[in-house]
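Ready for some practice in reading a structure? Look it over at your own pace, then try each exercise before reading its solution.

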Amino acid sequence: MTQKYEILAIIVNSLDEKAAAKYATEHIVKKIKDEGGNVTFEDFWGERGFAYTINKQKWGYYFCAQFECEPQNIDGLKHEWNLDNTIVRFLITKVPKNAPKPQTQEEMEAQWAAEEKEQKIKEVATKTAKSAPKKPAPEKTPKVEEKEEKSTKEEKPKPKKDVIDKKLDEILEDSSLDL
Amino acid sequence: MPPKPKKFICSFCRNDVQHIDYKNSKLLSDFITYYRSIQSRFHTGVCLKHQKQLASAIKKARNMALLAAVRYEKK
């Protein structure tokens with residue numbers, strides 16, 4: 001029973017890009033075929049920075065491939081690649097049956113760029129919706145009228161000075177009061 | 001009776017994702033914290049089935065230097 005596998009390998013950065021691609025085909029793809037495997041998918045990513053330094057190196061060439069192989073042959077392949085110094089690291093994983101079609105790195109990056117664009121458009125749309133006036137403000141005329149009414153109420157007709165003097169005089173002159 | 005709150009659905013379940021790819025580092029970077037540790041599903045709302053897939057994918061990506069395991073200060 002053949003099983004489907006995937007390998008992701010890092011090739012050392014002392015080689016050129018062309019030389020690294022050539023090395024991948026010669027030492028990874030060819031060895032799988034020698035073991036009786038069938039390579040179904042190949043993708044050379046090119047140079048890519050590491051998330052952390054490996055052997056004092058900051059970047060390397062990535063190579064990805066999918067292949068069908070018998071499980072007992074995998075150990076031999078692993079042993080050979082472990083002894084190889086030009087391959088910095090590699091990872092072999094089983095491909096599940098429900099996995100979608102493999103994407104190349106270029107397709108993946110294009111997808112990421114498209115997603116970023118969509119997000120930016122959404123952000124701009126939300127910003128504009130916030131800044132735009134929601135509803136026309138209610139007219140202030142009724143409030144002004146109320147204020148005017150209040151002011152009219154406050155301005156009561158004040159008694160004049162002459163009237164007050166007259167009243168005072170009347171009170172003072174009144175003999176019935178004992179002041 | 002107040003209306004029942006809508007049941008929150010995991011973002012992977014919503015898009016019908018069967019298998020999470022460890023090479024998709026952009027997607028995985030949304031599920032790690034500022035200090036590069038795996039974010040708990042309490043905060044992300046991912047279901048248990050997909051959280052297990054996510055965790056193993058992040059660990060594989062770390063092994064291949066696609067993601068960092070700790071945050072490095074830029075010099």
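## Exercise 1: The outline of chain B

Chain B runs through the pattern α-α-α-α along its sequence. Keep in mind that this is a predicted model.

**Task.** Work out what the radius of gyration of chain B is, and what a compact globule of 75 residues would have.

**Solution.**
- Step 1: Begin with the secondary structure, where chain B has four helices and zero strands.
- Step 2: Look at the box around the C-alpha atoms of chain B, which is roughly 60 × 30 × 15 Å along the principal axes.
- Step 3: Set the two radii side by side: chain B has 15 Å, while a compact globule of 75 residues would be near 11 Å.
- Step 4: Add burial to the picture, with 20% of the 75 residues in chain B being buried.
- Step 5: Finish with the contacts in chain B between residues at least 6 apart in sequence, of which 71% join residues at least 24 apart.

## Exercise 2: Helix 1 of chain A

**Task.** Find which residues are buried in helix 1 of chain A, and what covers them.

**Solution.**
- Step 1: Check the length: helix 1 of chain A has 18 residues and reaches 25 Å from its first C-alpha to its last, close to the expected 26 Å.
- Step 2: Apply the cut-off, by which a residue is buried if 20 or more other C-beta atoms lie within 10 Å of its own. The buried residues in this helix are A:A20, A:Y23, A:A24, A:I28 and A:I32.
- Step 3: Think about the spacing. An α-helix has 3.6 residues a turn, so residues three or four places apart point the same way.
- Step 4: Look for the cover, which includes strand 1, strand 2 (38-54), strand 3 and helix 2 (74-83) of chain A.
- Step 5: Move past the end of the helix to A:G36, whose phi is positive, near 90 degrees.

## Exercise 3: A core and a contact

**Task.** Which elements each supply at least two residues of the largest nonpolar core?

**Solution.**
- Step 1: Start from the 31 residues of this core, where A:A9, A:I11, A:I28, A:F63 and B:A61 touch the most other members.
- Step 2: Name the elements: strand 1 (3-11), helix 1 (17-34) and strand 3 (57-69) of chain A, and helix 4 (48-63) of chain B. Strand 3 of chain A gives the largest share, seven residues.
- Step 3: Zoom in on A:A9, whose partners beyond four places in sequence are A:I28, A:F63, A:I87 and A:F90.
- Step 4: Turn to the contact between the chains, which takes 13 residues from chain A and 13 residues from chain B. The chain B side has six nonpolar, four polar and three charged residues.

Note on methods. Residues are numbered from 1 along each chain as its sequence is written. Chains are lettered from A and ligands numbered from 1 in the order in which they are written. This is a predicted model: local features need pLDDT of at least 70, side-chain atom pairs count only at pLDDT 80 or more; totals for chains, interfaces and linings use all residues. Two residues are in contact if their C-beta atoms, placed from the backbone, lie within 7 Å. Ala, Val, Leu, Ile, Met, Phe, Trp, Tyr, Cys and Pro count as nonpolar, Asp, Glu, Lys and Arg as charged, and the others, Gly among them, as polar. A nonpolar core is a set of buried Ala, Val, Leu, Ile, Met, Phe, Trp, Tyr and Cys residues joined through C-beta atoms within 7 Å. A residue is buried if 20 or more other C-beta atoms lie within 10 Å of its own, exposed if 12 or fewer, and partly exposed in between; C-beta atoms are placed from the backbone. The expected span of a helix is 1.5 Å times one less than its number of residues. The radius of gyration is taken over C-alpha atoms; the globule rule is 2.2 Å times the number of residues to the power 0.38.
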